[in-house]
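User: I am new to this structure and would like a close look at a single part of it. Please take one strand, describe its surroundings, and then follow the connections outward from there.

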Amino acid sequence: MREGDFFKPLVGAAAREIGFIAGMALLLAAQFPASTFAQGGIDRVTGFARDPVHVAAWPAGKKVAVSFALFVEEFGFGQGPVFRPDLATRNPDLVNEAFRQYAIDWGIARVGRLFKELDVPLSIVLNAEFPGAHASVWKELRAALPNAPIVAHGMNNSNHILPLGRGLAEQKAYVRATLDLIAGTTGVKATGWSSPSVYADGDTMQAMAAEGITYNLDQMDSDIISSLKTPDGSLVLLPYPVVTVDMGQQLARMKTPVEIEALWLDYVLELAREARADPAREATTVVIGIHPFVIGTPDGAAALRRVLVRLKADDAVWLTDTDAILKAASLK
């Protein structure tokens, strides 16, 4: 074929076929925003196929599904989040150790009581080693929220995390051990997963699917649910936005609970406003990570209380848990 042939007008069947394809593309573009199509294709991190999951509306016609997820984590003495980096070299590091221990002894129970009092669903993201290391704390939280879904969060958050880079078999074994330990201490067979420190790779995703995980909270780049196709089965990816995680906002960006409160309300209520402005807009989802170091203090709980009360009053917002989201989207 000569170079000039590429520029000759298309005629006959070929022209009609391309016209049909172009017309369909325009029709789809009119139905869904451009951001929806960006979620399809190949996932950049794992290399697996990823497709958007479209939901027209949540139960009772709600348009924004919001699940708060409490991270119940085991770090170990001398390990974990640092509130005062300038003091981290001290030995003993009393300030940072107290920051971590307060969350365990007081913060977790306070958050559990708050959600129970306001009758708001909560998802629990659990390090498998936590119930054994802090049996009484776990017992009190579970008594307050007996039906909260448990999302597996690895073994711990410091020295027993995912074996990245060591092959698929080791990651499968790690996921299996995590699920077995959670089942043994809580009686729950977890089907959700959140990688410790949101640090996973393609092998992790495949290992999750192989060991019976159906959804995870490792997707941080979307307003809608996606489905990831791994060689061992599909995984539902629930949106877990970077900017709504309270720990990152406080420790990395030095935001107070009142500032985080404003951020959460702006984030969710703007999604609700967008839905009202465009009733045909598909439903959105956000899982908001909360940590007892931040929101388990008295001022943190006060800020969270105001957020929950405000969101409960919005007729476009559905406060729910991760398992209910999957069920409503016909994915469970």
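Analyst:
**Strand β2 and its surroundings**

Nine of the nine residues of strand β2 are buried, so β2 is largely enclosed by the rest of the structure. The model under discussion is a predicted one, and what follows should be read with that in mind. The burial of β2, which spans residues 64-72, applies to both of its faces: V64, V66, F68, L70 and V72 lie on one side, A65, S67, A69 and F71 lie on the other, and all of them are buried.

The pairing partners of β2 can be taken one after another. With strand β9, residues 284-290, β2 runs parallel, and seven bridges join the two; within this pairing, L70 of β2 stands opposite I290 in β9. With strand β3, residues 123-126, the pairing is again in the parallel sense and extends over four bridges, and here the bridge partner of V72 is L126 in β3. With strand β10, β2 also runs parallel, and four bridges join them. Two positions help to place this last pairing: V66 has L319 of β10 as its bridge partner, while S67 stands opposite T320 in β10.

Strand β10, residues 317-320, is itself covered on both faces, with V317 and L319 on one side and W318 and T320 on the other, all of them buried. The β10 residues named as partners of β2, L319 and T320, therefore belong to opposite sides of β10, and both are buried.

From the β2 residue V72, which was met above as the partner of L126, one can also step across to a helix. The C-alpha atoms of V72 and I104 are separated by 8.3 Å, although the two residues are 32 residues apart along the chain. I104 has its place in helix α3, and at 12% relative accessibility, below the 20% cut-off, I104 counts as buried. Leaving aside its neighbours within four places in sequence, I104 is in contact with F130, H134 and V137.

Helix α3, which covers residues 94-118, packs in turn with helix α11, residues 298-312, at an angle of about 20°, and their axes are 11 Å apart. That angle makes α3 roughly parallel to α11, and the crossing of the two helices is right-handed. On the side of α3 the contact is made by Y102, R110, L114, F115, E117 and L118, and on the side of α11 by P298, A301, L304, R305, L308, V309 and K312. Sorted by character, the residues of this contact divide into nine nonpolar and four charged, with no polar ones.

A further set of strands can be described in a similar way. Strand β8, residues 233-239, is mostly covered, since five of its seven residues are buried. Strand β6, residues 215-219, runs parallel to β8 and is joined to β8 by three bridges, with N216 having L237 in β8 as its bridge partner. Strand β7, residues 226-230, instead runs antiparallel to β8, and five bridges join the two. β7 and β8 form a hairpin with two residues between them, and T230 stands opposite G233 in β8.

Key. Residues numbered from 1 in each chain as written. Predicted model: local features only at pLDDT ≥ 70, side-chain atom pairs only at ≥ 80, totals over all residues. Heavy atoms only, no water. Axes fitted to C-alpha atoms, helices over the stretch in contact; angles between N-to-C directions. Parallel < 35°, antiparallel > 145°, perpendicular 65-115°, else oblique. Left-handed = near helix turned anticlockwise from the far one by under 90°. Contact = heavy atoms within 4.5 Å. Nonpolar A, V, L, I, M, F, W, Y, C, P; charged D, E, K, R; others polar. Buried < 20%, exposed > 50% of the residue type's maximum accessible area, 1.4 Å probe, protein only. Pairing = 2+ DSSP bridges.
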